Amino acid sequence: GEENPGVMVKEGVDACVDVFRTDSETRGVRIRRGEYSAAESIVSRRALRTVTAAAIIAGVDARPAPHEIVVSCVKGRDSAIVRIELRHSAGSEPGEGVQETRPLTWDDLDVIARNEGLEIERRPEPTVVECRLTVIG
């Protein structure tokens with residue numbers, strides 16, 4: 001059967017966090033859930049999965065490496081906003097880490113989001129990335 005095109009934000013974000021948690025923790029980056037005020041909102045499953053997964057990967061690949069990534073979903077006007085915040089420990093050094101492939105960058109995330117018809121807003125220090133998803137139900 002065909003997959004439902006909509007998903008509750010909490011369900012979609014939790015699935016992405018669960019998929020990437022083990023890999024990120026072996027690389028020294030903890031992923032945790034933050035605020036979930038938009039948890040019940042229904043958004044495009046594909047858009048949520050694609051952009052949230054790419055944002056988590058870009059966060060784990062970021063240099064200097066964060067010690068923690070906080071994933072939240074908050075309510076906007078007619079939208080749910082998935083927020084990825086990178087937290088660095090005091091005096092964190094640019095980690096080399098084991099990079100078997102080219103790291104995913106924030107610019108890559110912008111391209112991925114545009115391909116899904118989405119806008120990414122990014123702020124430095126602390127690095128916060130927000131993606132606004134249209135609520136469809």
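**Exercise 1. Is glutamate 68 buried or exposed, judged by its relative accessibility?**

*Worked solution.* Keep in mind that you are looking at a predicted model.

Step 1. Start with the value: glutamate 68 has a relative accessibility of 8%. The cut-off for buried is under 20%, so glutamate 68 counts as buried.

Step 2. Now find the partner. Glutamate 68 makes a salt bridge with arginine 87, and their closest N and O atoms lie 3.6 Å apart.

Step 3. Place both residues in the fold. Glutamate 68 belongs to strand E4 (residues 68-76) and arginine 87 to strand E5 (residues 79-87), so this pair ties together parts that are 19 residues apart in sequence.

Step 4. Check the other end of the bridge: arginine 87 counts as partly exposed, at 30% relative accessibility.

**Exercise 2. Work out how arginine 21 and glutamate 25 are placed relative to each other in helix H1.**

*Worked solution.* A general reminder helps here: side chains of opposite charge can pair when their charged atoms come close.

Step 1. Look at the contact itself. The side chains of arginine 21 and glutamate 25 form a salt bridge, with 3.9 Å from N to O.

Step 2. Count along the helix. The two residues are 4 apart in H1 (residues 9-26), which means that about one helical turn separates them.

Step 3. Compare each value with the cut-offs. Arginine 21 has a relative accessible area of 22% and is partly exposed; glutamate 25, at 43%, is partly exposed too.

Step 4. Widen the view. Arginine 21 and glutamate 25 belong to a network of salt bridges that also links Lys10, Asp14, Asp18 and Arg33. The structure as a whole holds 18 salt bridges.

**Exercise 3. Describe the surroundings of helix H3, beginning with the salt bridge of aspartate 110.**

*Worked solution.*

Step 1. Find the bridge: the side chains of aspartate 110 and arginine 122 meet at 3.3 Å, N to O. This pair links distant parts of the chain, 12 residues apart, with aspartate 110 in helix H3 (residues 106-115) and arginine 122 in strand E6 (residues 120-123).

Step 2. Sort the two ends. Aspartate 110 has 19% relative accessibility and counts as buried, whereas arginine 122 is partly exposed at 36%.

Step 3. Collect the buried residues of H3: Trp106, Asp108, Leu109, Asp110 and Ala113. They pack against helix H2 (45-61), E5, E6 and strand E7 (128-134).

Step 4. Finish with what follows the helix. After H3 comes glycine 117, which has a positive phi near 75°.

Conventions. Residues are numbered from 1 along each chain as its sequence is written. This is a predicted model: local features need pLDDT of at least 70, side-chain atom pairs count only at pLDDT 80 or more; totals for chains, interfaces and linings use all residues. Side-chain values use heavy atoms; hydrogens and water are left out. A salt bridge is a side-chain nitrogen of Lys or Arg within 4 Å of a carboxyl oxygen of Asp or Glu. Buried means under 20% relative accessible area, exposed over 50%, partly exposed in between (1.4 Å probe, protein chains only). Contact means heavy atoms within 4.5 Å.
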